[in-house]
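Open the model in your viewer and keep the selection panel at hand. Each stop below says what to select and what is there.

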Amino acid sequence: MRGPFLLLLRGLRGRWAGVAVCCVLAGCASNAPTPRGEVKGAPTHAAELAQSDANRMATLAMQENLDGLMRLADKLYRRNPAEWRKGAATGREQALEQLRTAVLQRQPWAPLQGRRDIAAMALALAPEFSGDRVAAFIYATADMIVTAHGGKTEFFLLDGMDAQHLYNAARNVETAVWLLAQRRNAQGQPLLLADEIGQQGRNLSFEREFGKIIARLDLLAAFTTEKYRRAAISYVQGIVGGTFLQFLPVR
């Protein structure tokens, strides 16, 4: 590698040699990895003393799923600005804040007519729904996920979760994403503009964000099942070990 490079420099004179060196260095710098942030742990709170590792994992997964849904709401509003204008908000940011508050405090969302969980998801994805579809869809999906976790967003030592409910929640999100892509309104247009593949480029960021939510739910479902299975195995090991795995006196 050095031989050709030295020959190149010898073949150039004056300022042109300096230009060549700068171009080579710039090319090397362009190959350096771009910083993309770093993992940061959450601040420690006294409430964590009442949480097991499994409780903490479930709490973090729930926080990430709700944050992911709000990121999707923001992206959907950007692609479908007519939706937030159907409500009382004066801007997209205010619409997002109202939605976040309703989700976190589990306040009823009036356009959903008192429906919650999967019933609310069905209404939000119905072609005849005329309200703010972005808010209705995100609120209903969040409510369904919280319901699958026993109606809680934080988990402590006395809390338990149903692995099948978590698994079903993941499948519900998959179904909702498919319906969002396939269903059309009375004018034959998509219910909401989301992912796009066309001559101008590919935008699959919605699919990636939904995929993260589905993956977290599936992982938590598998972990919950494994936790109870391992508890039974550990109990049997304790009985067997109490009889056969004891140290014997040597004097």
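The tour of this predicted model goes from the core to a buried arginine, then along one helix and on to the salt bridges.

**Stop 1: the core**

Select L69, L76, L99, L112, F137, I138 and I145. Of the 54 residues in the largest nonpolar core, these touch the most other members. Now colour the elements that give two or more residues to this core: α3 (53-79), α5 (92-104), α6 (117-124), α7, α8 and α9 (205-244). Helix α7 gives the most, with twelve residues. In soluble globular proteins, nonpolar side chains tend to be buried together.

Zoom in on I145. Leaving aside residues up to four places away in sequence, I145 touches M62, L69, V173, I213 and L217.

**Stop 2: R133 and E83**

Select R133, in helix α7 (residues 133-148). Which side chain of opposite charge is nearest to R133? That is E83, 5.4 Å away; R133 is buried yet has no salt bridge. Look instead at the backbone oxygen of F129, which the side chain of R133 reaches at 3.0 Å. Show the surroundings too. Not counting residues up to four places away in sequence, R133 touches E83, A124, L125, A126, P127, L191 and L192.

Move to E83, in helix α4 (residues 81-84). Is E83 buried or exposed? Its relative accessibility is 9%, so E83 counts as buried. The side chain of E83 reaches the backbone nitrogen of R133 at 2.8 Å. Beyond four places in sequence, the contacts of E83 are Y77, G131, D132, R133, V134 and L192. L192 thus appears on both lists, touching R133 and E83.

**Stop 3: the start of helix α8**

Select D162, in the loop between α7 and α8. D162 counts as partly exposed because its relative accessibility is 37%. Find its side-chain oxygen at the start of α8: this atom reaches to within 2.9 Å of the backbone nitrogen of Q164. Then add T224 to the selection. D162 and T224 are 62 residues apart in sequence, and their C-alpha atoms are 7.6 Å apart in space.

**Stop 4: along helix α8**

Select residues 163-182, which form α8. What span should its 20 residues have? At 1.5 Å a residue, 28 Å is expected; the end C-alpha atoms are 29 Å apart, which agrees. Next pick out the buried residues in α8: A163, L166, A169, A170, V173, A176, L179 and L180. V173 was met earlier as a contact of I145.

Stay in α8 for E174 and R171. Their side chains meet in a salt bridge (2.8 Å, N to O). The two residues lie three apart, about one turn of the helix. E174 counts as partly exposed, given its relative accessibility of 37%.

**Stop 5: salt bridges**

Side chains of opposite charge can pair when their charged atoms come close. A search of the whole structure finds twelve salt bridges.

Select R92 and D74, whose side chains form one of them at 2.4 Å, N to O. R92 lies in helix α5 and D74 in helix α3, so the pair ties together parts that are 18 residues apart in sequence. R92 counts as buried, at 17% relative accessibility.

Finish with D159 and K152, whose side chains meet in a salt bridge at 2.4 Å, N to O. Compare the exposure of the two partners. D159 is buried, with a relative accessible area of 18%, whereas K152 counts as partly exposed at 37%.

Methods. Residues numbered from 1 in each chain as written. Predicted model: local features only at pLDDT ≥ 70, side-chain atom pairs only at ≥ 80, totals over all residues. Heavy atoms only, no water. Helix = DSSP H or I, 4+ residues; strand = E, 2+ residues; numbered from the N terminus. Expected span 1.5 Å × (residues − 1). Buried < 20%, exposed > 50% of the residue type's maximum accessible area, 1.4 Å probe, protein only. Polar contact = N/O pair within 3.5 Å; in protein donor to acceptor, adjacent residues only side chain to side chain. Lys, Arg positive; Asp, Glu negative; His and termini not counted. Salt bridge = Lys/Arg side-chain N within 4 Å of Asp/Glu carboxyl O. Contact = heavy atoms within 4.5 Å. Core = buried A, V, L, I, M, F, W, Y, C linked by side-chain atoms within 4.5 Å.
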